[in-house]
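Work through the exercises below with the model open. Try each task before reading its solution.

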Amino acid sequence: MKTRLSNVTKAYLEAFERILDNMICNMNGADLKNSISHNFIVQMLPHHRAAIQMCENLLQYTTNIELQDICCNIIEEQTRSIANMERVLPSCSRCRNCNADLCSYQCRIDGIKQNMFNCMGNAPATNRINIDFLREMIPHHRGAVEMCETTLQYDICNGLVPILEAIITSQKRGICQMEQLLRELENCCEG
């Protein structure tokens, strides 16, 4: 039997679906060039913007203090990362890659993106918005980590390397925090 969703849950989920659709459209429609560094940035910018919007959406509804803190940290880290990527984009766009590397890279990134989109879009919808958010954001973070780790395997702009390393560190830490909170919420009545 399908769960009857509250009006609050419906409003949360409608906003989440718009954010997800917009992220998918912007990541898949990014203006790719013959530079892996450029291509990573233009695909990751909408990814980061979506994380900020997802957190802002949840903050309208949640009363869970730990989740509020997680969302505020995500907003702060992703905002800083966006500024860093926009700063290095002009110089990173000049770093060129051969066609074989470009094709190999984009094929791998497309697989990561598709898996992330599927996991986020297929997260169960319940009246426990905090749990719903965690089930949506954890694969979002995993996708960023996988995209960064993949990009580091190619010849990229030196200025991009510390940004990728910072994303990996912060998002892995965030995944651990969110997985622990998800386990706690799934084992109690609150959610």
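The buried residues of helix α3 are Leu67, Ile70, Cys71, Ile74, Ile75, Gln78, Ser81, Ile82, Met85, Val88, Leu89 and Cys92. Keep in mind that the model is predicted.

**Exercise 1. Helix α3**

Task: Find what covers the buried residues of α3, then check the span of the helix and its start.

Solution.
- Step 1. Take the buried residues, including Leu67, Ile70 and Met85. Their cover includes α2, α5 and α6.
- Step 2. Check the span. α3 has 28 residues, and its first and last C-alpha atoms are 39 Å apart. At 1.5 Å a residue, 40 Å is expected, and the span is close to that.
- Step 3. Look at the start of α3. There, a side-chain oxygen of asparagine 64 comes to within 3.1 Å of the backbone nitrogen of glutamate 66.

**Exercise 2. Helix α5 and threonine 151**

Task: State how many residues of α5 are buried, then describe the surroundings of threonine 151.

Solution.
- Step 1. Count. In α5, 19 of the 23 residues are buried, so the helix is mostly covered.
- Step 2. Check the span. From first C-alpha to last, α5 reaches 33 Å, close to the 33 Å expected at 1.5 Å a residue.
- Step 3. Place threonine 151. This residue lies in α5. Its relative accessibility is 0%, so threonine 151 counts as buried.
- Step 4. List contacts, leaving aside neighbours within four places in sequence. Threonine 151 is in contact with Ile36, Phe40, Tyr105, Ile109, Ile156, Leu160 and Leu164.
- Step 5. Look for a polar contact. The side chains of threonine 151 and tyrosine 105 make one, at 2.9 Å.

**Exercise 3. Aromatic pairs**

Task: Search the whole structure for aromatic pairs, and classify each by its geometry.

Solution.
- Step 1. Count the pairs. The search finds 2.
- Step 2. Classify the pair of tyrosine 12 and tyrosine 61. The ring centres are 6.2 Å apart and the planes stand at 90°, so this pair is edge-to-face. The cut-off for that class is over 60 degrees.
- Step 3. Locate the partners. Tyrosine 12 sits in α1 (residues 7–28), and tyrosine 61 sits in the loop between α2 (36–59) and α3 (65–92). The pair therefore ties together parts 49 residues apart in sequence.
- Step 4. Compare accessibility. Tyrosine 12 counts as buried at 1%. Tyrosine 61 is partly exposed at 28%.
- Step 5. Turn to tyrosine 105 and tyrosine 154. This pair is edge-to-face, with 5.4 Å between centres and 80° between planes. Tyrosine 105 is in α4 (residues 99–121), while tyrosine 154 is in the loop between α5 (129–151) and α6 (161–186). They are 49 residues apart. Both are buried.

**Exercise 4. Cysteines**

Task: Count the disulfides, then explain why cysteine 176 has no bond to its closest cysteine sulfur.

Solution.
- Step 1. Apply the cut-off: two cysteine sulfur atoms within 2.5 Å. The count is 0.
- Step 2. Test cysteine 176. The closest cysteine sulfur belongs to cysteine 148 and is 16 Å away, too far for a bond. Cysteine 176 is exposed, at 51% relative accessible area.
- Step 3. Turn to cysteine 95, in the loop between α3 and α4. At 17% relative accessibility, cysteine 95 counts as buried. Not counting residues up to four places away in sequence, cysteine 95 touches Asn34, Ser35, Ser37, Asp155, Ile156 and Cys157.
- Step 4. Check Cys157 too. At 11%, cysteine 157 counts as buried.

**Exercise 5. The nonpolar core**

Task: In the largest nonpolar core, which residues touch the most other members, and which helix gives the largest share?

Solution.
- Step 1. The core has 61 residues. Met23, Phe40, Ile41, Phe133, Leu134, Met137 and Leu160 touch the most other members.
- Step 2. Assign the sources. α1, α2, α3, α4, α5 and α6 each supply at least two residues. The largest share, 12 residues, comes from α2.
- Step 3. Follow isoleucine 41. Beyond neighbours within four places in sequence, its contacts are Met85, Val88, Leu89, Cys92 and Leu160.
- Step 4. Add methionine 54, in α2. At 2% relative accessibility, methionine 54 counts as buried. Leaving aside neighbours within four places in sequence, methionine 54 is in contact with Phe16, Ile19, Met120, Phe133, Glu136, Met137 and His140.

Definitions and conventions
Residues are numbered from 1 along each chain as its sequence is written. This is a predicted model: local features need pLDDT of at least 70, side-chain atom pairs count only at pLDDT 80 or more; totals for chains, interfaces and linings use all residues. Side-chain values use heavy atoms; hydrogens and water are left out. Rings of Phe, Tyr and Trp (its six-membered ring) pair if their centres lie within 6.5 Å; planes under 30 degrees apart count as stacked, over 60 as edge-to-face and the rest as tilted. Helices (H or I, at least four residues) and strands (E, at least two) are DSSP runs, numbered from the N terminus. Buried means under 20% relative accessible area, exposed over 50%, partly exposed in between (1.4 Å probe, protein chains only). The expected span of a helix is 1.5 Å times one less than its number of residues. Contact means heavy atoms within 4.5 Å. A polar contact is a pair of N or O atoms within 3.5 Å; within protein, one must be able to donate a hydrogen and the other to accept it, and residues adjacent in sequence count only if both atoms are side-chain atoms. A nonpolar core is a set of buried Ala, Val, Leu, Ile, Met, Phe, Trp, Tyr and Cys residues joined through side-chain atoms within 4.5 Å.
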